[in-house]
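Me: I am a first-year student, and I would like a close look at how helices pack against one another in one structure. Please take me through it slowly, in connected sentences.

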Amino acid sequence: MNAIIITAVWGAVMMFSGIIFKKNDTIRFTAILGLLLLLIGNIMEMRGSRLFDIDVHNMLYFESFGLLFNSIAFGSTLFYFLLSAKDIEKVGTNVGEYFALIFFVLCGVSIISSFNTLLMLFLGIEILSIPLYILTGSDKRDLKSNEASLKYLLMGSFSTGLMLLGIAFLYGASEKGTFFIDDLAIGKAVASPLFIVGLILLMVSMAFKVSAAPFHFWTPDVYDGAPTVFTSFMATIVKAAAFIAFIRLFHDSFNDIKPDWQIFIAIITAATLLIGNLTAVFQQSVKRMLAYSSIAQAGFMLFALLTLNSTSQEGILLYTAAYSIATIGIFAILIKMKDYTFDGFNGLAKHQPVLAAVNTIFLLSLAGIPLTAGFFAKYYMLAAVLQTGKFLWLVIFAILCAAVSVYYYFRVIQAMYFKEGAAQIHETSPTFKALLIIIAIIVILLGIFPQWLIDTLYNINIYG
Amino acid sequence: MIPVLLILIPLVTGLIGFFIKSDNGSKSWSLFSSIVTMVITFAGVALTNGNPHLKFDTEWLPSLNSHFSVEMDGMGKILTLLTAISFPIIFIATWRSSYKNPGSFFALMLLSQAGLMGVFLAMDALLFYFFWELALIPVYFLCSQWGGEKRIHATFKFFIYTFIGSLFMLIGIIYLYYHTKDHSFSITSFYSLRSIISSQEQSWLFWLFFIAFAIKMPIFPFHTWQPDTYEQSPTAVTMVLSGIMVKMGLFGLIRWLAPVLAVGTWAWGDTVSLLCVIGMIYASLVAIRQNDLKRMVAYSSIAHIGLMCLAVFATTQSGMQGVMIQMFNHGINIIGLWIVVELIERQYHTRKISELGGLALQSPSLALLLVIIALANVALPLTNAFIGEFMMFNGVYSSGATQYNVVFTAIAAISIILSAVYMLNMIQKVFYGNTNALTANGYDIKANEKIILAVIVVLILVMGVYPQPIFELTKGTVDSILGKMSYK
């Protein structure tokens with residue numbers, strides 16, 4: 001509850017900050033302050049102290065999994081602000097509004113990590129999506145940005161329509177006529193056809209939000225067209241949040257009828273892995289490559305949805321954390337590059353050894369190489385599937401795709417270290433580099449002791 | 001505590017090494033580090049197996065029940081010894097080579113040493129996997145940054161190959177982990193799996209592991225990355241790759257595959273043995289046709305490793321003991337060969353056999369030392385490789401694991417004859433015959449190079465005459481592994 005209130009209030013504060021404060025620095029400082037408050041508020045809630053006592057008629061339900069994810073999302077956003085807040089200012093003139101929109105997105109994030117009815121899920125998704133449509137088109141002078149925004153809005157509205165339709169079907173098909181996700185669980189293995197139709201519609205619209213194939217077509221264009229700072233935010237925190245909602249929904253409502261939908265998810269997973277990885281190979285622009293890589297990573301995260309066991313619950317939290325901080329780091333460096341193509345990175349190691357080194361660590365983490373957080377993220381996902389004893393073919397397929405992913409991640413490393421060139425880069429401050437080094441150290445520490453994240457977060461939570 | 005030191009020293013000194021800028025400084029630093037590691041290894045080898053100082057165990061990932069568990073057993077001793085001796089030799093032998101960014105170069109070398117040590121010491125499957133990859137990453141950067149012209153392409157192929165292999169192995173490890181009674185990665189839990197895992201499962205699980213090991217060794221037809229990578233890498237890295245890293249594959253096979261999935265190993269023994277002998281003949285024939293010294297040595301290495309892998313699948317006392325001693329000897333011999341190649345290349349700026357000739361006139365001591373090393377490579381009696389290869393042939397011939405033992409022995413023996421062909425041919429063309437315009441102004445090798453080659457030659461001869469200490473070191477390991485592999 002703390003997070004929802006704080007994000008909404010601070011979003012409003014940020015809207016007016018543009019009028020009150022004249023300096024961008026002050027606005028940025030206010031935003032970072034708000035995020036710190038938000039993080040503290042969320043941790044307080046995990047420790048059991050709610051700042052606000054509002055009767056939500058059981059429509060929201062705050063349990064450790066969602067709150068843990070909130071902490072990860074807010075922590076990642078904090079890194080994102082610290083690294084890239086200055087670049088947000090460069091997008092346009094209305095700096096306060098961008099921050100406000102980001103806070104509203106975070107409000108949506110906190111709702112979909114705690115929804116208890118389909119109505120709240122729908123509200124959360126919308127609160128999360130609408131600011132994103134605006135952020136995507138925030139570079140008003142850039143046609144590509146406008147196009148991306150319109151495309152995103154149209155496709156997003158379409159998927160929202162499907163979601164509403166699915167919710168209506170489920171409402172009609174459920175025995176009690178309910179929106180509550182616990183009551184939707186029918187407790188037996190046979191579901192009516194109407195119920196399945198509703199479920200599949202909901203699955204399609206959620207798959208759209210997490211950009212799983214074959215509902216991924218909007219992703220590359222939108223990620224490519226949006227201002228790079230906002231792509232970074234969309235591809236990480238927002239996508240991870242959609243995953244958490246997806247998993248909570250299916251875990252609470254549809255776990256009993258797993259055999260009915262599992263094969264669809266398996267096929268979606270395979271398609272996502274294949275399309276994401278293969279298409280990423282052919283990209284010339286690193287930004288677009290990262291868009292496809294985010295699809296490919298979504299394929300791995302779908303394993304958590306496929307299995308829905310305790311290993312995958314821990315795993316998805318680790319995965320979202322590992323993926324988010326590494327991607328935010330790469331984007332932060334990418335924003336500083338003058339040329340977004342692979343060739344633009346040529347010879348970066350010579351002029352900017354620190355940036356090249358940390359970028360390498362982030363890329364290795366995305367590729368899932370041991371000693372980085374990404375390895376354990378992938379480990380948990382593979383282990384979750386192997387634990388069930390089914391879908392071995394999918395595991396084999398996934399590791400072949402992981403091998404493909406090495407190709408495009410290493411292309412950047414090769415460009416930075418082994419190719420001759422003079423990579424053009426905007427000015428970077430020492431604090432920016434120091435922060436990147438800290439993030440890189442976190443990535444490595446998580447790669448050696450992943451339970452630090454999971455245990456620490458579990459320990460500060462007394463609900464159990 | 002000793003095994004932890006063996007991993008930590010190269011790791012920490014390696015990380016520090018990144019910050020050393022001067023050429024000589026980083027060379028001395030890495031040499032110093034590797035000598036300290038070597039001394040500690042000697043101390044470890046001197047202790048009897050099972051001594052508490054040779055073990056270390058602490059909880060690593062409680063939620064997964066994975067331990068940081070390292071131990072120096074008989075086989076571990078042999079291979080850590082090889083690693084510990086090789087690195088100082090490599091550093092001294094390549095002292096005169098200059099690299100840009102020397103700090104990073106030597107730091108990465110030390111990191112790869114830490115990874116190798118970890119692989120040979122790990123007693124926990126997840127830890128083993130960790131070190132397995134940790135050894136690979138620095139080598140990838142070493143080859144790509146300091147290698148030859150086609151380095152990026154060649155080493156990338158190498159990386160992708162081994163990465164796919166290791167991912168398959170990771171799946172195998174996780175699968176076995178979920179089948180252990182106590183959900184543990186420890187090697188003892190893995191060894192108790194043989195009665196739990198059915199023979200059908202074993203037969204496909206075998207390949208998940210074996211592909212990883214076969215790529216690393218490499219075994220035909222997984223070898224295609226190897227000649228290119230050896231050729232393109234800087235010679236110091238090639239020495240690490242061919243002298244020590246290929247042993248990771250054999251080591252994994254002996255420690256993590258054959259005793260764990262004994263039924264699978266028996267079931268596929270003939271198939272793998274067939275691949276081994278095909279590879280041996282094929283690689284030897286290709287080696288004869290090579291004009292580039294590096295490629296020739298690379299192919300000869302495929303043939304030698306093939307024999308060792310064949311001997312593992314023979315499952316006999318003699319064969320396994322031969323593999324143990326030969327893993328060590330092959331490392332020493334091939335590093336010796338690479339040093340000679342490096343010396344020739346540095347002096348004459350070519351590795352083409354056709355462009356060289358008459359080197360013995362200019363460099364008599366080099367020629368003398370090379371001849372001994374080359375003869376060891378052909379396994380002539382009195383050299384170290386003779387003992388190992390003899391025992392392996394004996395083991396393969398007397399093997400009860402296959403009905404084709406005579407055929408395998410015969411084909412493998414042909415490859416030994418072929419190895420004499422290409423080695424002697426190389427010696428004759430490069431060192432004897434007439435000098436040409438390129439080689440007429442050659443000079444003999446320097447003192448430090450003489451000393452290093454002499455050390456190798458002494459090792460070759462001593463091990464060839466008195467291999468008993470190594471037998472005693474590994475006897476326990478060999479017996480226990482054969483006991484677990486036996487089909488009862």
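What follows is an account of the helix packing, beginning with chain B as a whole.

Reply: Please keep in mind from the start that this is a predicted model.

Chain B holds 19 helices and 2 strands, and its C-alpha trace spans about 70 × 55 × 40 Å along the principal axes. A compact globule of 488 residues would have a radius of gyration near 23 Å, and because chain B has 21 Å, its value agrees with that expectation. Buried residues account for 62% of the 488 residues in chain B. If you take the contacts in chain B between residues at least 6 apart in sequence, 83% of them join residues at least 24 apart.

Now to the helix pairs, for which there is a common way of speaking: two packed helices are described by the angle between their axes and by the distance between those axes.

In chain B, helix H11 (residues 262-289) and helix H17 (residues 405-431) pack at an angle of about 20°, and their axes are 9 Å apart. Angles under 35 degrees count as roughly parallel, and H11(B) is therefore roughly parallel to H17(B). The crossing in which H11(B) passes H17(B) is left-handed. On the side of H11(B), the residues that make the contact include Val277(B), Met280(B) and Ile281(B), while those of H17(B) include Phe408(B), Ile411(B) and Tyr422(B). Sorted by class, this contact of H11(B) with H17(B) has 13 nonpolar residues, 4 polar residues and no charged ones.

A second pair in chain B is formed by helix H13 (residues 317-348) and helix H15 (residues 364-377), which pack at an angle of about 145° with their axes 9 Å apart. H13(B) passes H15(B) in a left-handed crossing. Here Asn333(B), Gly336(B), Leu337(B), Val340(B) and Leu343(B) of H13(B) meet Leu366(B), Leu370(B), Ile373(B), Ala376(B) and Asn377(B) of H15(B). The residues of this contact between H13(B) and H15(B) divide into 7 nonpolar, 3 polar and no charged.

Chain A offers a further pair, helix H6 (residues 143-173) and helix H8 (residues 193-209), whose axes come within 7 Å and cross at roughly 155°. Angles over 145 degrees count as roughly antiparallel, and H6(A) and H8(A) are therefore roughly antiparallel to each other. The crossing of H6(A) and H8(A) is left-handed. Among the residues that make this contact are Leu162(A), Met163(A) and Phe169(A) from H6(A), together with Phe195(A), Leu199(A) and Lys209(A) from H8(A). By class, the contact of H6(A) with H8(A) has 15 nonpolar, 6 polar and 1 charged residues.

Elsewhere in chain A, Ile263(A) has its place in helix H11 (residues 258-281). Ile263(A) counts as exposed because it has 12 C-beta neighbours inside 10 Å.

Finally, helices also take part where the two chains meet, in a contact that takes 21 residues from chain B and 18 residues from chain A. Helix H5 (125-146) and helix H6 (151-179) of chain B each supply at least two residues to the side of chain B that touches chain A, and H6(B) gives the most to that side, with 11 residues. The residues on this side of chain B divide into 17 nonpolar, 3 polar and 1 charged.

How values were computed: Residues are numbered from 1 along each chain as its sequence is written. Chains are lettered from A and ligands numbered from 1 in the order in which they are written. This is a predicted model: local features need pLDDT of at least 70, side-chain atom pairs count only at pLDDT 80 or more; totals for chains, interfaces and linings use all residues. Two residues are in contact if their C-beta atoms, placed from the backbone, lie within 7 Å. Helices (H or I, at least four residues) and strands (E, at least two) are DSSP runs, numbered from the N terminus. Ala, Val, Leu, Ile, Met, Phe, Trp, Tyr, Cys and Pro count as nonpolar, Asp, Glu, Lys and Arg as charged, and the others, Gly among them, as polar. The radius of gyration is taken over C-alpha atoms; the globule rule is 2.2 Å times the number of residues to the power 0.38. A residue is buried if 20 or more other C-beta atoms lie within 10 Å of its own, exposed if 12 or fewer, and partly exposed in between; C-beta atoms are placed from the backbone. Axes are lines fitted to C-alpha atoms, for helices over the stretch in contact, and angles run from 0 to 180 degrees between N-to-C directions. Angles under 35 degrees count as roughly parallel, over 145 as roughly antiparallel, 65 to 115 as roughly perpendicular and the rest as oblique. A crossing is left-handed if the near helix is turned anticlockwise from the far one by less than a right angle, and right-handed if clockwise.
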